[in-house]
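Please work through the exercises below with the model open beside the text. Each task is followed by a solution that proceeds in steps.

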Amino acid sequence: ALNYLISGDFYKGVPMGKVTTLAGESGAGKSFIASGNLVRNAQAQGIFVVLLDSENALDETWLQAIGVDTSEDKLLRIGVSMIDDVAKIISDFVKDYKSDYGSMDPEERPKVMFVIDSLGMLLTPTDVDQFQKGDMKGDLGRKAKSLTALVRNAVNQIAQWDIGLVCTNHTYASQDMFDPDDKISGGQGFIYASSIVIAMKKLKLKEDSDGNKTSQVHGIRAACKVMKSRYSKPFESVQLKIPYESGLNPFSGLFEMFEDMGILTKQGNRYLYTSPVTGEEILEFRKNWSDDKLKIVMDEFKENQNA
């Protein structure tokens, strides 16, 4: 569902040669999606991942638990603290990439994905200097300018290559009653430079594995709104269910999306789907709409769109 909102295709997610930003409050699922699902699926497509961790939270055990291959030929994990360090790592890497693979046919070049988790925890030299002096006056906007410069330069360097960049960042509650959406920290400059911006909000998941509502919290519901995209309509939303025990189901959010689109229509206590391809009907209770049935709807919807 999130793939579709980002790219207009259920099987395509974040693009190469672009910058994608996931922003949200603590615990909204940013790291789970960016450093977990995205990395795992990138590796499955033969994409090498460089994971830049500024939060010191992405330990090997956690990554392996959510299916990330941490072997050296699949993942390079680097702890970072300074914006300048991130800029140098990306700049040096792209320079070597151009030197080693620039003369090769595009189809033969290796694909690489950078993931920065997160921008919000990165420091400027001013931050460090003030901390060491014990005089925390603030950086006078230097961090926002540095982040903007980082993203803009990264966009220019990776644009024509099979290199992607995904960042996570923090948000804070808006105090503007006329613009109530949460604000992304670090200024607006790097948001303008990003190709895709996804805002995430943390909600409680009070459903068990069978879909029954309970009073207990079984995980989080990550409410995702695509604030900016160059591949589909902006400001579309979807809620992804991330149970603590099993993690994110790839088909999460699809049922609600198809219901909102009118593809699934309520008939009494059941939901009807009429195939635009074969004309066949599926009428099932909400709980019986399994992943296999949702995949049928998804694939036929895509086939009908292409036709």
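The exercises concern a predicted model, and they go from the whole chain to single residues.

**Exercise 1. Overall dimensions**

Task: Determine how the radius of gyration of the protein compares with that of a compact globule of 307 residues.

Solution: Begin with the inventory, which comprises 9 helices and 12 strands. Along the principal axes, the C-alpha atoms occupy a box of roughly 65 × 50 × 40 Å. For a compact globule of 307 residues one would expect a radius of gyration near 19 Å, and because the protein has 21 Å, the two agree. As further context, 42% of the 307 residues are buried, and among contacts with a separation of 6 or more, 66% are between residues 24 or more positions apart.

**Exercise 2. A pair of helices**

Task: Decide whether H4 and H6 are roughly parallel or roughly antiparallel to each other, and describe the residues of their contact.

Solution: Two packed helices are described by the angle between their axes and the distance between the axes. For helix H4 (residues 83-101) and helix H6 (residues 142-158), the axes come within 10 Å and cross at roughly 10 degrees. Angles under 35 degrees count as roughly parallel, and H4 and H6 are therefore roughly parallel to each other. On the H4 side the contact is formed by Ile83, Val86, Ala87, Ile90, Ser91, Val94 and Lys98, while H6 contributes Lys143, Ser146, Leu147, Leu150, Gln157 and Ile158. Sorted by character, the residues of this contact comprise 8 nonpolar, 3 polar and 2 charged.

**Exercise 3. Thr20 and the strands around it**

Task: Establish whether Thr20 is buried or exposed, and follow the strand pairing that starts from its strand.

Solution: Thr20 belongs to strand E1 (residues 19-24). Its relative accessibility is 0%, and because buried means under 20%, Thr20 counts as buried. Beyond its neighbours within four places in sequence, Thr20 is in contact with Val14, Pro15, Leu165, Val166, Cys167, Ile196 and Ile198. Strand E1 runs parallel to strand E7 (residues 196-205), to which 5 bridges join it, and Thr21 has Val197 of E7 as its bridge partner. From E7 the pairing continues to strand E8 (residues 219-228), this time in the antiparallel sense and over 9 bridges, with Lys204 opposite Ile220 in E8.

**Exercise 4. The edges of an open sheet**

Task: In the open sheet with the order E10-E11-E12, identify which strands stand at the edges.

Solution: The sheet has 3 strands, and their pairing is antiparallel. Strand E10 (265-267) and strand E12 (281-285) each have a single partner strand, so they stand at the edges, and one side of each is left without a neighbour in the sheet. Neighbouring strands here are turned against each other by 35 degrees on average, direction ignored. Between strand E11 (residues 270-274) and E12, which run antiparallel, there are 5 bridges, and Tyr271 stands opposite Glu284 in E12.

**Exercise 5. A loop residue**

Task: Characterise the accessibility of Ser81 and name the residues it touches away from its own neighbourhood in sequence.

Solution: Ser81 is located in the loop that lies between strand E3 (75-79) and H4. With a relative accessible area of 35%, Ser81 is partly exposed. Not counting residues up to four places away in sequence, Ser81 touches Met121, Leu122 and Leu123. Ser81 and Leu119, which are 38 residues apart in sequence, have a C-alpha to C-alpha separation of 9.6 Å in space.

Definitions and conventions:
Residues are numbered from 1 along each chain as its sequence is written. This is a predicted model: local features need pLDDT of at least 70, side-chain atom pairs count only at pLDDT 80 or more; totals for chains, interfaces and linings use all residues. Side-chain values use heavy atoms; hydrogens and water are left out. Axes are lines fitted to C-alpha atoms, for helices over the stretch in contact, and angles run from 0 to 180 degrees between N-to-C directions. Helices (H or I, at least four residues) and strands (E, at least two) are DSSP runs, numbered from the N terminus. Angles under 35 degrees count as roughly parallel, over 145 as roughly antiparallel, 65 to 115 as roughly perpendicular and the rest as oblique. Contact means heavy atoms within 4.5 Å. Ala, Val, Leu, Ile, Met, Phe, Trp, Tyr, Cys and Pro count as nonpolar, Asp, Glu, Lys and Arg as charged, and the others, Gly among them, as polar. Buried means under 20% relative accessible area, exposed over 50%, partly exposed in between (1.4 Å probe, protein chains only). Two strands pair if DSSP finds at least two bridges between them. The radius of gyration is taken over C-alpha atoms; the globule rule is 2.2 Å times the number of residues to the power 0.38.
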